[in-house]
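Biologist: I would like a close look at the empty spaces of this protein, with the ligand site included. Please take the open and the enclosed spaces in turn.

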Amino acid sequence: MDSKLAEDLAEVTALLNVVSVEAAEVLRGLDKRPVAMTPQPQRAAALPDIGHGLRQALSEFRRRWEPRFSGSAGPRYLGFVTGGATPAAIAGDWLTSVFDQNAMSGGDSAAIELERETIDWIGQLFGLAEHKGAFVTGATMSNFVGLAIAREWLGEQLGLSVAEDGVGALGQVPVLSGTPHSSIFKSLSMLGIGRSSVRSVPTLPDREAVDVDRLADALAALSGRPAIVVANAGTVNTVDFDDLRAIAALRQRFPFWLHVDGAFGAFAALSPEHAHLVDGLAAADSVSVDLHKWLNVPYDAAVQFTRRQDLQVRAFHNSAAYLTAPTGAPDFGHLVPENSRRLRALTAWFTLTAYGRAGHRDIVQRNTSCAAQLGEALTATGRFRLLSPVRLNVVCCTLADRPTPERVHALVEAIADTGETFVTPTVYNGIPAIRAAFSNWRTTPADVARAGAAISKAAKGLQ
Ligand SMILES: *Cc1c(COP(=O)(O)O)cnc(C)c1O
């Protein structure tokens, strides 16, 4: 054994204690770390021939990298929809690596039983108790898997199997959606269905939610040809929700697979005040839910749910003489793109066990009230106007005065330069805008006040 490796093994308790003290310091200081930064590029170090051992590696990391990592896991990072990691989720993540289980198949460990228990809990949170699911790396992969099952379903409608015969056998696939996430296009590209298969359906006036009557018209125009409908439960810009119940009802008239992208919007189900936004979610054939966003587990984790696991197995099964064949409860290696896979469920299991439904409901409710608070505070300055109501956890707004691309770009930079908070730019209805998204478990009203002050100060300083 390499001598450094042998030394680290002998000293493992002491070494991990050092790492844990260091980690706790980082967590305690997260609030003071710059929320975002533009790191200056550094020269890459040479690959060590003789290693330095863990203690030295840790000090190298502290010296060269740690100061250049942002506080994006902290309470005032409002870019994209980012989330953080609860203490229990971090513990789960550490133990995932410690046990290093391969969650591909059962038979030699209870790991996949833990994954099944966790998926069942998550299904209960979202009213998807009748769906089956699996962990994947993010909502992009969740959308990919959902659409792969949809593709297999289309084959079934035409009496063929895409998994066996290839996507060419399907011909052109109509994919109908109002305001799909960029990852839908990426998934369609990976699936051989193609980005240009998306037929954009008009949305309601001044909304990102699909106009269900226009969707019905688009389906009618297909004259009975089966299609995929991607419904959106929480759009990124304005967190708008398609009317899932009304869309699902259209299946009585037209043949289509209903995929719902609820990456973060599905969490509305946890808050009694907002649960109506996802009414009808359970009617979906497949559903995407991200966990590294609003469940506040570390990257990377999401779940995909479906009612047709039989079709999923057709698309993803992985057969070899030394592997178990898919059964009524198929191994995860038969359900998702990965074969060998990390036990991603453990972070979610820990945070749900530690804080329960109520603890996670509190995160959602606190984040939504923080978003409302920021929306009101920014409007009250007179420098901003909202581009949509704050429906859930995102404030989408622009400068009240001359919201030109240049001024909004300068605003985003000036906000980041304060080190106090971080928001991301967007364009909504052709208007350059900013988005502030709340999804971190630590955020308090005091953080909102600080972020709001930083944002309005940045606006005040604009030319
Ligand atoms: C974030 C997001 C995705 C993609 O999720 P990743 O975790 O980045 O892969 C898909 N859809 C929606 C609505 C999202 O917000």
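Biologist: To begin with the pockets, what volume does the largest pocket have?

Modeller: Please keep in mind throughout that this is a predicted model, and that the values below are computed from it. The largest pocket has a volume of about 890 Å³. Its lining is made up of 26 residues, of which Val26, Leu27, Ala73, Ala85 and Ile90 are the closest to the centre of the pocket. Two elements, α2 (12–29) and α4 (87–99), each give two or more residues to this lining, and α2 gives the most, with five residues. Sorted by class, the lining of the largest pocket counts 15 nonpolar residues, together with six polar and five charged ones.

The ligand brings us to another pocket, since the space that the ligand takes is the second largest pocket. Around the ligand there are 14 residues, and the closest of these are Thr140, Asp261, Asp290, His292 and Lys293. For Thr140, an N or O atom of the side chain is 2.6 Å from an oxygen atom of the ligand. For Asp290, an N or O atom of the side chain is 2.7 Å from a ligand oxygen atom, and for Lys293 the corresponding distance, again from a side-chain N or O atom to an oxygen atom of the ligand, is 2.8 Å. Taken alone, the ligand would expose 390 Å², and the protein buries 82% of that area. Among the elements of the fold, helix α6 (residues 139–157) gives the most to the shell around the ligand, contributing three residues. By class, this shell holds seven polar, four nonpolar and three charged residues.

From the open spaces we can turn to the enclosed ones. Rolling a probe the size of a water molecule over the atoms shows where empty space is left. When the whole structure is searched, two cavities of 30 Å³ or more are found. The largest cavity has a volume of about 50 Å³, and its lining consists of Asp93, Thr96, Pro298, Tyr299, Asp300, Ala301, Arg342, Leu343, Arg344 and Thr347. In terms of class, four of these lining residues are nonpolar, four are charged and two are polar. Two of the residues that line the largest cavity, Tyr299 and Asp300, are joined by a cis peptide bond, with omega at about -5°. Asp300 is found in the loop that runs between β6 (286–290) and β7 (302–306).

The second largest cavity has a volume of about 40 Å³, and the residues that line this cavity are Met104, Ser105, Asn318, Leu323, Thr324, Asp331, Gly333 and His334. Here the classes divide into five polar, two nonpolar and one charged.

One further point concerns the backbone. Ser223 has a phi near 50°, which is a positive value in a residue other than glycine, and Ser223 lies in the loop between α9 (212–220) and β4 (227–232).

To bring the pockets and cavities together, the largest pocket has α2 as the element that gives the most to its lining, while the second largest pocket is the space taken by the ligand. The enclosed spaces are the cavity of about 50 Å³ and the cavity of about 40 Å³.

Methods: Residues are numbered from 1 along each chain as its sequence is written. This is a predicted model: local features need pLDDT of at least 70, side-chain atom pairs count only at pLDDT 80 or more; totals for chains, interfaces and linings use all residues. Side-chain values use heavy atoms; hydrogens and water are left out. A residue is near a molecule or strand if one of its heavy atoms lies within 4 Å of it. A polar contact is a pair of N or O atoms within 3.5 Å; within protein, one must be able to donate a hydrogen and the other to accept it, and residues adjacent in sequence count only if both atoms are side-chain atoms. Accessible areas come from the Shrake-Rupley method with a 1.4 Å probe; for residues, only the protein chains shown count as cover. On a 1 Å grid over the protein atoms alone, a cavity is a set of points where a 1.4 Å probe fits but cannot get out, and a pocket is an open set with protein on both sides within 12 Å along at least five of seven lines; lining residues have an atom within 4 Å of a point. A molecule sits in a cavity or pocket if more than half of its atoms lie within 2 Å of its grid points. Helices (H or I, at least four residues) and strands (E, at least two) are DSSP runs, numbered from the N terminus. Ala, Val, Leu, Ile, Met, Phe, Trp, Tyr, Cys and Pro count as nonpolar, Asp, Glu, Lys and Arg as charged, and the others, Gly among them, as polar. Grid points are joined across faces, edges and corners, and a volume is the space filled by probe spheres set on the points.
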